[in-house]
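Me: Please take a close look at the interior of this model. I would like to know about any closed space inside, then about the parts around it.

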Amino acid sequence: DRSPYDTIPNVEVWSHDGRKFRFYDDLIKDKVVTLNFFFAECGESCPLITANLRRVQDLFGERVGRDIFMYSLTLQPERDTPEFLQQYAEIHDIGPGWLLLTGTPRDMERLRIGLGFSDPDPEIDILDDAHTGILRFGNDTLRRWVGSPALARPEGIVYAITTSVLDEGVGRAPQPLSQSGAQPPRKHREHGHPHNKLGLGKERS
C-alpha cells in the first residue's frame, strides 16, 4: 500500500464531503498538489493558516480542482471525522478543489511521516502544533516537491507554486500571474523547522 516512489503511503483517507480515496493513487498521482497538516480545534494558528490558504485558493480561481489540488490533512483523526471536517469547511468557506482529509490514526501518522512533516526531536515531534506551519507543494509527474511557510503572503505562495511545480512555470515565466495579481515573494522568515522546508521524508518502517 505504498506509492511507486516508496515514500508516500497509499492508504485510505476520507474527505470532508464523505468520499473515500486511496491517497497516492487517487489524490497525488500525476497531479500538482498542495499539502498541509492541521486540526480543527488547534486554536489560533490553524484558522489563520486556513484563511491564508483560502486566499491562495481565490488567487488560483478555477484552476483549483483542475490544474492544482489542495489537501489539508488532520493531525487529530480520532476527533476530526468527515462530519466534523465538513462543519470546518463550511465555517471557513472552503471551495471546490480543496479537500480536508482524515483516516485512521495509524494511517494519518504514516502520512505525516511519509510526507516529511516530522521533527527529529521526539519531544517536539509529539506536539501537533509543531507540524501546522509548513505548506508543501509538488508535481508528482516531475517528482518535484517544494516547501513554504503556510503563513507566507498568498501572492508569494501562488508565485512559488506557479514557477516551481506547475507545468507552464517550469523553465519559463508563468502566464497566469498577471491575471491573479501574484508577485514574486518577498524575503521572509520561515516558521517551522529547517528539515521541513523541502523534499519528502522516508516512511517509518
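Reply: A cavity is a set of grid points where a 1.4 Å probe fits but cannot get out. Its volume is the space filled by probe spheres set on those points. Keep in mind that this model is predicted.

Start with the empty space. How many cavities of 30 Å³ or more does a search of the whole structure find? The count is 1. The largest cavity holds about 40 Å³ of space. Its lining is made by N36, F38, I49, T50, L53, S72, Y88, I94, W98 and L100. Three elements give two or more residues each to that lining: strand 3, helix 2 and strand 5 (98-102). Helix 2 gives the most, with 3 residues.

Now take strand 3. It spans residues 32-38, and 7 of its 7 residues are buried, so the rest of the structure largely encloses it. V32, T34, N36 and F38 point one way from the strand. V33, L35 and F37 point the other way. Both sets are buried. Two members of the first set, N36 and F38, also appear in the cavity lining.

Which strands pair with strand 3? One is strand 6 (residues 134-139), which runs antiparallel to strand 3 and is joined to it over 4 bridges. In that pairing, V32 stands opposite N139. The other is strand 4 (residues 69-74), paired in the parallel sense over 6 bridges. There, F38 stands opposite T74. To get from strand 3 to strand 4, the chain passes through helix 2 (residues 45-60). This β-α-β crossover is right-handed. Helix 2 is thus the link between the two parallel strands, and it is also the leading contributor to the cavity lining.

Step back along the chain to I28. This residue is found in helix 1 (residues 23-28). Is I28 buried or exposed? I28 is buried, because its relative accessible area is 0% and the cut-off for buried is under 20%. Beyond its neighbours within four places in sequence, I28 contacts I8, F23, V33, L35, Y71, D140 and W145. Two of those contacts, V33 and L35, sit on one side of strand 3. The C-alpha atoms of I28 and N139 are 8.5 Å apart, although 111 residues separate the two along the chain. N139 is the residue that stands opposite V32.

Next, the loop that holds D93. It lies between helix 3 (82-91) and strand 5. D93 has a positive phi of about 55°, yet it is not a glycine. Most residues other than glycine have a negative phi. R143 also has a positive phi, near 55°, and is not a glycine either. It sits in the loop between strand 6 and strand 7 (144-149). R143 is exposed, with a relative accessible area of 59%.

Charge pairs come next. Side chains of opposite charge can pair when their charged atoms come close. The structure holds 10 salt bridges. One of them joins E155 and R153, with N and O 3.7 Å apart. R153 is partly exposed, at 30% relative accessible area. Salt bridges with shared partners also tie R54, D58 and D93 into one network. D67 and R66 form another salt bridge, at 2.9 Å from N to O. D67 is partly exposed at 26%, whereas R66 is exposed at 52%.

A further bridge joins D107 to R106, with the closest N and O atoms 3.8 Å apart. D107 counts as buried, at 13% relative accessibility. R106 counts as exposed, at 59%. D107 belongs to helix 4, where M108, R110, L111, R112, I113 and G114 are buried as well. Helix 4 (residues 105-114) has 7 of its 10 residues buried, so it is largely enclosed by the rest of the structure. Just after this helix, G116 takes a positive phi of about 90°.

Conventions. Residues are numbered from 1 along each chain as its sequence is written. This is a predicted model: local features need pLDDT of at least 70, side-chain atom pairs count only at pLDDT 80 or more; totals for chains, interfaces and linings use all residues. Side-chain values use heavy atoms; hydrogens and water are left out. Buried means under 20% relative accessible area, exposed over 50%, partly exposed in between (1.4 Å probe, protein chains only). Contact means heavy atoms within 4.5 Å. Two strands pair if DSSP finds at least two bridges between them. A crossover is right-handed if, with the strands pointing away from the viewer, the path from the first strand over the helix to the second runs clockwise. A salt bridge is a side-chain nitrogen of Lys or Arg within 4 Å of a carboxyl oxygen of Asp or Glu. On a 1 Å grid over the protein atoms alone, a cavity is a set of points where a 1.4 Å probe fits but cannot get out, and a pocket is an open set with protein on both sides within 12 Å along at least five of seven lines; lining residues have an atom within 4 Å of a point.
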